[in-house]
Amino acid sequence: MNRFVLAALLTAGMVFHTSIAYAGGWTQPPGKGYFKLSQQIISAESLFRANGSKTEIPTVSGYTTSLYGEFGLIDRVTLVGYMPFYTNFSVDAEGFDPTTGLGDWDVGVRIGLLTGGPTVVSLQALAGLPLGDSAGDIVLWSGDGEFNQHISLQVGHSLYPVPAYLKGEIGYNNRKSSDNRDDNYADELRYSLQAGYTIAERVGVSLSLRGIKALDRADDEFHPRNDVEYLSFGPQVDFYVTPNAGITASMSKFTRAHSMLDAPTWEFGLFVKL
């Protein structure tokens, strides 16, 4: 495999979607919030090609340190942000220097449409800020270089008095359009489902299913970072050290993927509720 082909494969794999679907529907009360500082880790020796097949690659490692936050601005209106402020990507092969820097940020607002009762419904709008490194033809990119807009409908349902919940999200991600195929990004249908249960008021366990469907994607062509597609699943455990703060750990396994690293993503973090 020559260096140019290897670089193309790696750049596609490195821009794995670090922006996580935080489905829910619940808004934060005014002045209240939820914040999580986390570290994501991925290490892969294979990659899903654009057509869904797999190929072996030199070991690729990625580390992303991020802050996720929700803050109640006014009644039914919550500010939302996912901010990867440090990324480090490297490959175990000659000719590739590690890259560090910012990742792309997602910031926006969640508006509660139905907030009373056990079932809640919200509309969320996020803007993708292209703050990550996306320059150059052969580089381990930390961003995709395009300003996107993601609008989603979120639904949450409490199973009280059972300490459990169900929540889901479906949304449309409007991406950059261009006559140049290499600079044209496929719009996306995004979706997620999650079920959670709290044990003895201290331990929260959940199982999530998340996916991205690239629209108008060409299976027979390879365009790094433009046409990412996947279905992922995995568990999460939250341990409350105090009633309002704790530690969290999760794992996501990718399957049925296109232009993605073939390895689980691990995440460890600290969270606090105001």
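**View A. Glu201 sits in the loop between β9 (188–199) and β10 (203–214).** This is a predicted model, and the loop is a good place to start looking. Glu201 takes a positive phi of about 65° even though it isn't a glycine. Most residues other than glycine have a negative phi. As for its surroundings, Glu201 counts as exposed because its relative accessible area is 73%, and the cut-off for that label is over 50%.

**View B. Arg256, in strand β12, also has a positive phi.** Here the residue belongs to a strand, β12, which covers residues 245–258. The phi of Arg256 comes out near 50°, and again the residue is something other than glycine. Is Arg256 buried or exposed? With 64% relative accessibility, Arg256 is classed as exposed.

**View C. A cis peptide bond links Tyr160 to Pro161.** If you're checking omega values, look at this bond: omega is near 15°. Most peptide bonds are trans. Pro161 is part of the loop that runs between β7 and β8, with β8 spanning 164–174.

**View D. β5 and β6 make a hairpin.** Strand β5 takes in residues 105–114 and strand β6 residues 119–129. The two pair in the antiparallel sense, with nine bridges between them. To get your bearings along the pairing, find Gly108, whose bridge partner in β6 is Leu126. Which residue in the turn has a positive phi? That would be Gly117, at about 85°, and the hairpin leaves four residues between its two strands.

**View E. On to β6 and its pairing with β7.** Strand β7 spans residues 148–158, and 10 bridges join it to β6. These two strands run antiparallel. A handy marker for this pairing is Leu123, which has Leu153 in β7 as its bridge partner. So β6 appears in both of these last views, because strands count as paired once at least two bridges are found between them: β6 has nine bridges with β5 and 10 with β7.

**View F. Ser90 and Gly62 come together across a stretch of sequence.** Ser90 has its place in strand β3, which runs over residues 77–91. How far apart are Ser90 and Gly62 in space, C-alpha to C-alpha? The distance is 6.6 Å, although 28 residues separate them in sequence. Ser90 counts as partly exposed because its relative accessibility is 21%, and buried would need a value under 20%.

Terms used: Residues numbered from 1 in each chain as written. Predicted model: local features only at pLDDT ≥ 70, side-chain atom pairs only at ≥ 80, totals over all residues. Heavy atoms only, no water. Buried < 20%, exposed > 50% of the residue type's maximum accessible area, 1.4 Å probe, protein only.
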